[in-house]
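Me: I would like a close look at a single part of this structure, followed by some remarks on the empty spaces elsewhere. Please keep it plain.

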Amino acid sequence: SVGMKILAVDIGGTMIKTGLLNSHGERIQLGSFPMNKDYSTVIDRLISHIDNDYPKDFSGIAISTTGLVDPVTQQIGMDSPLYEGFGNRMVSFLTDYYQKPVIAENDGNCALLAEKWLGRGRGASSFAVIVLGTSVGGGLMVDNQLIRGKHFLAGEFGYMLFPEVEKKDWEIWSIAGATRTLVEQVAAEKKAPSIDGYKVVAYYQQNDPAVTIWVDRFIEKLAVACYNLQYILDPEIVLIGGGISESDFLLPLLEKKIQQIAAQIPSTVRLPNVACCQFGNESNLIGACYNWLLQTFEMKTS
């Protein structure tokens, strides 16, 4: 029902974002607080944030989180020591405390579900989302099914390998080519330690030659990943998310780079169809909300 409200929580590496959404995915209220180094306090801090800032009449809690989530046990970050402070018991603790359904999902999957529900994946039965940020994440849908894989690693595109010329033979994409990597490369180049993604975009728009080289390498890895995905999954569309996808230059550069690569491969059958995600920062909250609705009412994504 439209009157129903879902409290969505997005657990990231640096911030925990929250929002009250209705069953159409409209954001009624938003909040956030910093993720601190002491993970054991996360549950207590989240509860006091919810109790202080939100009305009590929500129907349940929808969680998007960094790290893998077991869809059956609802454990966050299974066996990863990073999440031991809260991952094993967060869902069960919140369920007991609020006496309402609490459902968690990986943030890459949430980003995909947001696009499927209300964004640029709406008409697509098979598509991928690549999220560029501190690391590289993502999600996959084939024939209207979210694909998890045997160990819940499907869509973890950040583990794709790329040649690493400087230090070793190979490196994972999350380290070799995430937005954070680009920012660090440009910061070193400019001897300006405190820059962010927006500053990199500004340098690029000023045609700064040093920055252009790093942006080109960043785009090249993304183009290779999109090309490879086309032949692994044959998706209808590959959507690019994360803060940098909101900059004007990303999509034209990516399309041009894909064409340049394909021009060297005479056997190319089809170029990947790429676009930017419709939703930015709030995609994980929207996708978590949709996941909650799907699981609670056992709806179908088609």
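How many residues does helix α1 have, and how far does α1 reach from its first C-alpha to its last?

Reply: The model is predicted. Helix α1 runs over residues 42–53, which is 12 residues. From its first C-alpha to its last, α1 reaches 16 Å, close to the 16 Å expected at 1.5 Å a residue.

Next comes the question of which residues of α1 are buried. They are V42, I43, L46, I47, H49 and I50. These buried residues lie on the same side of α1, because they cover an arc of only 160° around the axis. The general rule behind such a pattern is that an α-helix has 3.6 residues a turn, so residues three or four places apart point the same way. The other side of α1 has D44 and N52, and both are exposed there, with over 50% relative accessible area.

What covers the buried residues of α1? The cover includes four strands, β1 (5–11), β2 (15–22), β3 (27–34) and β4 (60–65), and it also includes the helix α2 (90–98).

Now the empty spaces. The structure holds 2 cavities of 30 Å³ or more. The largest cavity has a volume of about 70 Å³. Among the residues that line it are L68, V69, N106, I147, R148 and F152. By class, its lining has 5 nonpolar, 2 polar and 3 charged residues.

The second largest cavity has a volume of about 40 Å³. Its lining includes A176, T181, Q185, W214, F218 and K221. Two elements, α5 (179–190) and α7 (209–233), give two or more residues to this lining. Of the elements, α7 gives the most, with 4 residues. By class, the lining of the second largest cavity has 4 nonpolar, 3 polar and 2 charged residues.

Last is a pocket. The second largest pocket has a volume of about 480 Å³. It is lined by 20 residues, of which E164, E166, A176, Q185 and K221 lie nearest its centre. A176, Q185 and K221 also line the second largest cavity. The elements β9 (161–163), α4 (173–176), α5 and α7 each supply at least two residues of the pocket's lining. By class, that lining has 8 nonpolar, 2 polar and 10 charged residues.

Terms used. Residues are numbered from 1 along each chain as its sequence is written. This is a predicted model: local features need pLDDT of at least 70, side-chain atom pairs count only at pLDDT 80 or more; totals for chains, interfaces and linings use all residues. Side-chain values use heavy atoms; hydrogens and water are left out. The expected span of a helix is 1.5 Å times one less than its number of residues. Buried means under 20% relative accessible area, exposed over 50%, partly exposed in between (1.4 Å probe, protein chains only). The arc is that of the directions from the helix axis to the C-beta atoms. Contact means heavy atoms within 4.5 Å. On a 1 Å grid over the protein atoms alone, a cavity is a set of points where a 1.4 Å probe fits but cannot get out, and a pocket is an open set with protein on both sides within 12 Å along at least five of seven lines; lining residues have an atom within 4 Å of a point. Grid points are joined across faces, edges and corners, and a volume is the space filled by probe spheres set on the points. Ala, Val, Leu, Ile, Met, Phe, Trp, Tyr, Cys and Pro count as nonpolar, Asp, Glu, Lys and Arg as charged, and the others, Gly among them, as polar.
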